Structure formats: structure tokens, C-alpha cells
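Please examine the sequence and the structure shown below. The report that follows describes selected side chains and their surroundings.

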Amino acid sequence: MSEDEEKEMYRRSVRSRIQHHNHHLFENRDRENLKIIVSEFCHSAEKSVDVFCQRFDADVYAAPLVWLNEIIYGVKIRLLVVEEGDEVPEGIEYHVCKSYCPPNTNLMLVDGKRYRMEVDESALVCAEVSEEDNAKSSARVIKEFFDRCWVASGGTLEVEEEEPPREGFFKRLFKRFLWR
């Protein structure tokens, strides 16, 4: 199997895990896997993408984040870097981390349910957290850590408003008849 075929197979595997809400952890073996995961996670984002990295690597993050920022309306992108790296693309909100930053740690959290966690070059990825496993608590810990670092570094937290419950078809129909 050629290298390109292997990459495409891995891309399909990651995409399938996302589409099927697969909550089993899987590995991120190398830099090419990382680029695929970042790209697929960004393409699946609906609400938010939080990235915490030691140094911003444009080769890995720039294209997917720019795509999200320019094409998909309403996805909040927050980037925290430990030290300056490559130039962060215009329009991406970022801060240099000013609080405790664990060494050799890189994190990515998408919509509070998908994450990539790398510590000392060992990376685990979860395409979708579920209610019955530890992945949900891992995602919650990543979010809390990121929010604390974000605020300590000059960022602000937005209060998430809950969407009002949608009215059912019959209720809307009933209201129509009442107001005639």
C-alpha cells in the first residue's frame, strides 16, 4: 500500500469515527495523522474549536482554522500557544499562555465532545465522547483547563445561552388556529 493510500485510509477512518459518533479512543501515530485529525475535526465543528499547543505550527493548523474562520459562520475558534511559533493567520483569536502550561502538552477540543490530547509525544484521540465512559470527563477537564488558561492569558469567556426548546409541529399549528 502506498503512503498516499495509507493517508486516505486513515482519513476515511477518522471521518467515519466522527460520523458514527464512535467514542473509542484511537492513536495519532505521526505528523501526517495529526494533520488529518486536525482537518477532519475542524470540518466537523459546529460550535467551537479550542487549540492549546506548545508552538503554533502553520503546516498543521493554519489551513483548517482559516477554512473554519472564513467559511463556517458561528464556530468560535480559540488558540492558546505556550510560545510564539509560526505566524497565526489573521482573524484567528489567540493568546500566549500566561498561566501554568504543562510541558510537552498539546490539546484540541471540538464542540466539547471531540478531542485530541498529546502529552510527551504520546497522543490519544476521541471522535465523540459518550455518557458512559471516561472520555466525557476527559473532555470536561480539557475544557476547564483551557478556559482557565484562556482567561489568565487575557481572553474572555462568553456565556453560552441555551437554545429555547423548539415547539413541536402540533403546538405551532394549534397556536395558528388560536390567533386567527
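## Selected contacts in a predicted model

The side chain of His95 comes to 3.3 Å from the backbone oxygen of Ser153. This description rests on a predicted model. His95 belongs to strand β4 (residues 93–96). With a relative accessible area of 17%, His95 is buried, because buried means under 20%. Beyond its neighbours within four places in sequence, His95 is in contact with several residues, including Leu79, Leu80, Val81 and Trp150.

Trp150 also has a charged partner: Arg78 lies over the face of its ring, at 5.3 Å from the ring centre.

Three aromatic pairs are present in the structure. One of them joins Phe52 and Phe145 in an edge-to-face arrangement, with 5.2 Å centre to centre and 75° between the planes. Phe52 is in strand β2 (residues 48–55) and Phe145 is in helix α4 (residues 134–152), so the pair ties together parts that are 93 residues apart in sequence. Phe52 is buried, at 0% relative accessibility.

Helix α3 (residues 58–71) has 14 residues, which should span 20 Å at 1.5 Å a residue; its end C-alpha atoms are 18 Å apart, which agrees. At the start of α3, a side-chain oxygen of Asp57 is within 3.1 Å of the backbone nitrogen of Asp59. The buried residues of α3 are Val60, Tyr61, Ala62, Pro64, Leu65 and Leu68, and these pack against α2 (31–44), β2 and β3 (76–83).

The table gathers distances from the text.

| Partners | Distance |
|---|---|
| His95 side chain and Ser153 backbone oxygen | 3.3 Å |
| Arg78 and Trp150 ring centre | 5.3 Å |
| Phe52 and Phe145, centre to centre | 5.2 Å |

Terms used:
Residues numbered from 1 in each chain as written. Predicted model: local features only at pLDDT ≥ 70, side-chain atom pairs only at ≥ 80, totals over all residues. Heavy atoms only, no water. Phe/Tyr/Trp six-rings, centres within 6.5 Å; stacked < 30°, edge-to-face > 60°. Helix = DSSP H or I, 4+ residues; strand = E, 2+ residues; numbered from the N terminus. Buried < 20%, exposed > 50% of the residue type's maximum accessible area, 1.4 Å probe, protein only. Lys NZ or Arg CZ within 6 Å of the ring centre and 35° of its normal. Expected span 1.5 Å × (residues − 1). Contact = heavy atoms within 4.5 Å. Polar contact = N/O pair within 3.5 Å; in protein donor to acceptor, adjacent residues only side chain to side chain.
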